Every structure is written in C-alpha cells, then in structure tokens.
Amino acid sequence: MGRRQQPETVGVLDRINNLPDPILSHILSFLPNKGAVRTSILSTRWKYLFASSISILDFEHCLKNLYEEDVNNFMNFLPLYGWISTTLSRGLKNIGINIINEKVPVLPTLLFTSHSLVTLTLFLHIKDDMKIPTNACLPNLKNLCLTNLAFEDGYSILKLISSCHVLEDLTIYDCCFHSISELNIHNLLLRRLILCFEHVCVRDYDYVMAIDAPSLVYFEYTRIVGKGYTLSNMKSLVKAEISISHFHEVHSERSATQLLQGICNVQSLHLAIEAFNETVSKLLLNIELVEFLHNVPNLKTLILDLADGEEGLRSLPIPSCLLFHVKEIKISGVDGSKYAFEMISYFLNHAMVLEKLILKMINLLGKDEFCILKKLLRLPRNSKKCEVVVH
C-alpha cells in the first residue's frame, strides 16, 4: 500500500494553495525560470501562475536539458502560443525564443504589439518564411536581435523596426528579406547596429541598403558587398567594424566605397577586406584600402586584418587621417612577407602623430623569427612618440 501523507504536510499544502495569486507569484519570483515553469503542472490554477513571476523568459534554457519526448509533452501541455501570450499579458520585459523546427511556430500577435517588452531575441532555424503582423509595433522595445530568419514580406519587419521609437540596439544575423528593393533602417535613437550576412546566399542580397541613424555610435557590418549603400546622419559614430568580401559583380567595388564613405566620421575602424575570388586583383586591395582611409579623415584608431596583397602602396597618395589624426594602429596576420613589411613601412612613414603600432604575427613556421622581429623594430618611423609592439 502507498504511504499516506502526514496531516501536517497536507495542512501546509492547503495553506499554500489558499494564498492569493500575487503572493504566490512573489514566492515564485525567487526561483530560477525553469523551476517556476515546472510549477505549471501542479494543477489548473498553477498552469499560468508562473507567468507573472518572471520578467525574463528564455525558451532555449528552459527546455535544453529535457529529452525530445519530454519537450514535446511539455509543449503540448503548455502550447508555445499560450506561454508567450500569458507572460506578455502580465508584463514580461525580456523574451528569447530559440527554436529549431521544420515549420514556422505559431507566434501570437501580442509578441509584436506588446507595450511591456524591452528585449526581444528570435532565433528560428526553420524552412518556411516568417510573417509579421501588419499592426506590429513595440513602443518600449530597446533591444532587438533577429537570427537566421526569412521574412515573406521584407517591408513588414522594416516597418516594425521603424515603429520601435526607443530602440537602441539592433542585431540582424543571416536574415533574408524577400520582396524588397531597399533594406531601409530608419531609427532616431538607435545606438548600436550589427548586420551580419556571412551565410546568406548572394542572390538573396540583391538590394540597396539605406541607414538613417543619427544617434548611432557603434556599427558592425560583416561579409557580403551589397548592391549599394546610402548611409546618412552618422555624425555620432565612434567605432565601426567592417569585414567585407569581394564578388565578381560590377557593383562590388563601387558599393564598398559607398559603405566606407557613409562612416566617414568614425574615430575607430576595424577593417578586413577579403578577395573572394582570383578575378579580384590583389593590387586592388591596396588601392581600396588607401581609398577607404581617404574617406575617414577623423580616424584615430585603425585595426586591420592583413590579407594577401601585392606591393605598390608606396606610390599611392597619403590620406589626411594618417598625417594628422591616427594615433593607434593594430595589424593582425603579419607573416613576414614583403607585402606585410611594405604596409607596415607605409604606416610608419606617413602616420605623423602615431603613438602605438601593434603587430600580431602568424605563419612564421620555418622562418627566422628573431631576424623578422629585428627588421620590424628597425623600420624608420616619422612619429617621435611611436612605440612598436610585436606579439
């Protein structure tokens, strides 16, 4: 026979169940999210009680330690739609959804119209396109991160971004925007913008990018060179990280120049240029590097990921930022080649107010490291304050 519960235990459970919902929610708020969610299986009353006890809900961490069968049973008991709707209706501020599925999950309209939401993170590794409600608007959203999404109507998500009037941080990783000719990001208070198209098919990126963000202080752009760029009102920009690949399309060179011209006020620039195929001349990388530096006259810090190239920098005109503003340069990928030495010499000769040059060495197997180091440290420099540091 099963063991009976002691009267004292039953009395304690009755007293807990007799507590009003606000007190129970307050008690649950001291539990981790996973523990609070587990109470939803106790009874019908407890099914959604946890929702008002938490301000951050991350489905990935709530479910990642469960077996697949347990996840399915759990989600059947508490449908995804119900979880999100209930927590948002009770003032949820931060939500992260990470789902790997064959089909688009049913996401409630409230997820895109919530007045309480401050942070929204969506990672949906799915095959179908995602739909955004036409009335989407998140008036208090400050942080938005979209990863690996494909939008059936690209304009709908752009409209949502524009309607987030207090948005400060926007991150877009490997997303596809169908049915658009221009990727337009317009937001007055946006301070950080990260755009990464590293794993996006080139044919899915055949549109012009227009960014109007007068409060932007940090901008990161990775990989594909688009059809064209219009970057306006970036006078507040302090730091930018640009890593681009060349493609054989005619517009690549022109577009890359437009991208750099748009961030001309930046003070700290991390730049990596990669030749995507052999049709792009290595000498062209030198020309574009110097051309880019002409477009950033106020630059103070330059960080370069050194790519393979050919000699020829000495004959190119000297950007004004090197003569008057650049105080720190970091170069990664220095391998002791003639091209590397020429580039380093170019900066040491022309960076008149340079205070520190940091070099990170690679691929020195079979080479005389000591001789390379001595040669680097003996290179003439025109800035009397310049310190050369080699890693």
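Buried means under 20% relative accessible area, exposed means over 50%, and partly exposed is what falls in between, with a 1.4 Å probe and protein chains only. Keep that handy for the tour.

**Before you click**

What you have open is a predicted model: local features need pLDDT of at least 70 and side-chain atom pairs count only at pLDDT 80 or more, while totals for chains, interfaces and linings use all residues. Residues are numbered from 1 along each chain as its sequence is written, and side-chain values use heavy atoms, with hydrogens and water left out.

**Stop 1: the whole thing**

Start with a cartoon view. The protein has twelve helices and 18 strands; these are DSSP runs numbered from the N terminus, with helices being H or I over at least four residues and strands being E over at least two. Of its 391 residues, 47% count as buried. Switch on a surface and you are looking at about 19900 Å² exposed, 53% of it supplied by carbon and sulfur atoms (Shrake-Rupley method, 1.4 Å probe; for residues, only the protein chains shown count as cover). Among contacts (heavy atoms within 4.5 Å) with a separation of 6 or more, 68% are between residues 24 or more positions apart.

**Stop 2: the core**

Now select L111 and F219. Those two have the most contacts inside the largest nonpolar core, which has 100 residues. Helix α11 (residues 338-350) gives the largest share of this core, eight residues. Such a core is a set of buried Ala, Val, Leu, Ile, Met, Phe, Trp, Tyr and Cys residues joined through side-chain atoms within 4.5 Å. In soluble globular proteins, nonpolar side chains tend to be buried together.

Stay on F219 and show its neighbours. Leaving out residues up to four places away in sequence, F219 touches L193, L195, I211, L231, L237, K239, A240, E241, I242, L259 and I263. Keep K239 and E241 from that list in mind for a later stop.

**Stop 3: a buried aspartate**

Select D212, in strand β10 (residues 208-212). How far away is the nearest side chain of opposite charge? That side chain is K235, 11 Å away, and D212 is buried yet has no salt bridge. For the bookkeeping, Lys and Arg count as positive and Asp and Glu as negative, with His and the chain ends not counted; a salt bridge is a side-chain nitrogen of Lys or Arg within 4 Å of a carboxyl oxygen of Asp or Glu.

Turn to H186 next: its side chain makes a polar contact with the side chain of D212 at 3.1 Å. The term stands for a pair of N or O atoms within 3.5 Å; within protein, one must be able to donate a hydrogen and the other to accept it, and residues adjacent in sequence count only if both atoms are side-chain atoms. Not counting residues up to four places away in sequence, D212 touches I185, H186, N187, S232 and N233.

**Stop 4: the salt bridges**

A search of the whole structure turns up three salt bridges. Side chains of opposite charge can pair when their charged atoms come close.

- Select D169 and R192: their closest N and O atoms are 3.1 Å apart. D169 sits in strand β6 (residues 169-173) and R192 in strand β9 (residues 192-196), so the pair ties together parts 23 residues apart in sequence. D169 is buried at 19% relative accessible area, whereas R192 is partly exposed at 34%.
- Select K239 and E241, where the closest N and O atoms are 3.9 Å apart. E241 is partly exposed at 23%, and K239 is partly exposed at 34%.
- Select E328 and K330, which meet at 3.5 Å, N to O. E328 is partly exposed at 23%; K330 is partly exposed at 29%.

**Stop 5: three more picks**

Go to R223 in strand β11 (residues 218-224). Is R223 buried or exposed? R223 counts as buried because its relative accessible area is 18%. Measure across to E198 in your viewer: the two are 25 residues apart in sequence but 5.2 Å apart in space, C-alpha to C-alpha.

Then jump to S268 in strand β14 (residues 268-274), buried at 15%. S268 touches V238, K239, A240, L299 and T301, again not counting residues up to four places away in sequence.

Finish at L289 in helix α9 (residues 282-294), buried at 6%. With residues up to four places away in sequence not counted, L289 touches L271, I273, L304 and M343. L271 is 18 residues from L289 in sequence and 8.8 Å away in space, C-alpha to C-alpha.
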